[in-house]
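Reader: I am in my first year and I would like a close look at one part of this protein. Could you take me slowly through a single helix and its surroundings, explaining the terms as you go?

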Amino acid sequence: MPTLNVNGKQVNVDVEPEMPLLWVLRDELGLTGTKYGCGIALCGACTVHLDGQPVRSCVIPVSAAAGKKVTTIEGLSKDGSHPVQRAWVQLQVPQCGYCQSGMIMAAAALLKEKKKPTDADIAAAVTNICRCGTYPRVRDAIHLAARSA
């Protein structure tokens, strides 16, 4: 039975160790902000932080998350006040919104590492796929968040 630290809380989950972290978060813990996209770690809709690093939770076995800090979109801030979340709202980034939690988690991880990222830094770090094509607004929101952080 893996013990996880999810959004600052210790939780025990009674699942097989190879179950993807995404399904533990969504189905066992009810944290549905993290989305299933492609299931093969390409699209990034399932991005969460594992010990502060962005990972694609659809391919991470829950056993790999045991003893580490997992942060989901629900844990990024309690009230949507994280600078990336505020920038997302201010610039009205989402269209359909499905991929946005993964994008926000990737952007937050980037800004933790690079306080003033360039367009190239953003392109290299935020490789999430958005079928609505909101990439220019995502980039602008990351720059806005960097200025306001």
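Author: What follows is a walk around helix α4, then its neighbours, and then the sheet beyond them.

This is a predicted model, in which local features need pLDDT of at least 70 and side-chain atom pairs count only at pLDDT 80 or more, while totals for chains, interfaces and linings use all residues. Residues are numbered from 1 along each chain as its sequence is written, and side-chain values use heavy atoms, with hydrogens and water left out.

Helices (H or I, at least four residues) and strands (E, at least two) are DSSP runs, numbered from the N terminus. Helix α4 spans residues 83-90, and within it Pro83, Val84, Gln85, Ala87 and Trp88 are buried, where buried means under 20% relative accessible area, exposed over 50%, and partly exposed in between, with a 1.4 Å probe and protein chains only. The cover over these buried residues includes α3 (73-76), α5 and α7. Just after α4, Gln92 takes a positive phi of about 50°.

Consider the pair α4 and α7 next. Two packed helices are described by the angle between their axes and the distance between the axes. Axes here are lines fitted to C-alpha atoms, for helices over the stretch in contact, and angles run from 0 to 180 degrees between N-to-C directions. Helix α4 packs against helix α7 (residues 135-148) at an angle of about 130°, and their axes are 8 Å apart. That makes α4 oblique to α7, because angles under 35 degrees count as roughly parallel, over 145 as roughly antiparallel, 65 to 115 as roughly perpendicular and the rest as oblique. The crossing of α4 and α7 is right-handed; a crossing has this hand if the near helix is turned clockwise from the far one by less than a right angle, and is left-handed if anticlockwise.

Contact means heavy atoms within 4.5 Å, and on the α4 side the residues that meet α7 include Pro83, Val84 and Trp88, while those they meet in α7 include Val138, Ile142 and Leu144. By class, this contact of α4 with α7 has 9 nonpolar, 2 polar and 1 charged residues, where Ala, Val, Leu, Ile, Met, Phe, Trp, Tyr, Cys and Pro count as nonpolar, Asp, Glu, Lys and Arg as charged, and the others, Gly among them, as polar.

Helix α7 also packs with α5, and the axes of α5 and α7 come within 11 Å and cross at roughly 40°. That makes α5 oblique to α7 as well, and α5 passes α7 in a right-handed crossing. Met103, Ala107, Leu110 and Leu111 in α5 meet Tyr135, Val138, Ile142, Ala145 and Ala146 in α7, and this contact has 9 nonpolar, no polar and no charged residues.

Helix α5 (residues 100-113) leads on to the sheet, for it lies across β3, β4 and β5 and runs at about 40° to β3. The sheet is open, with 5 strands in the order β2-β1-β5-β3-β4 and mixed pairing; two strands pair if DSSP finds at least two bridges between them. The edge strands are β2 (9-12) and β4 (53-56), each of which pairs on one side only. Strands β3 and β4 pair in the antiparallel sense over 4 bridges, and they form a hairpin with 2 residues between them, where Asp51 in the turn has a positive phi of about 50°. On its other pairing, β3 (residues 47-50) joins β5 (residues 69-71), also in the antiparallel sense, over 2 bridges.
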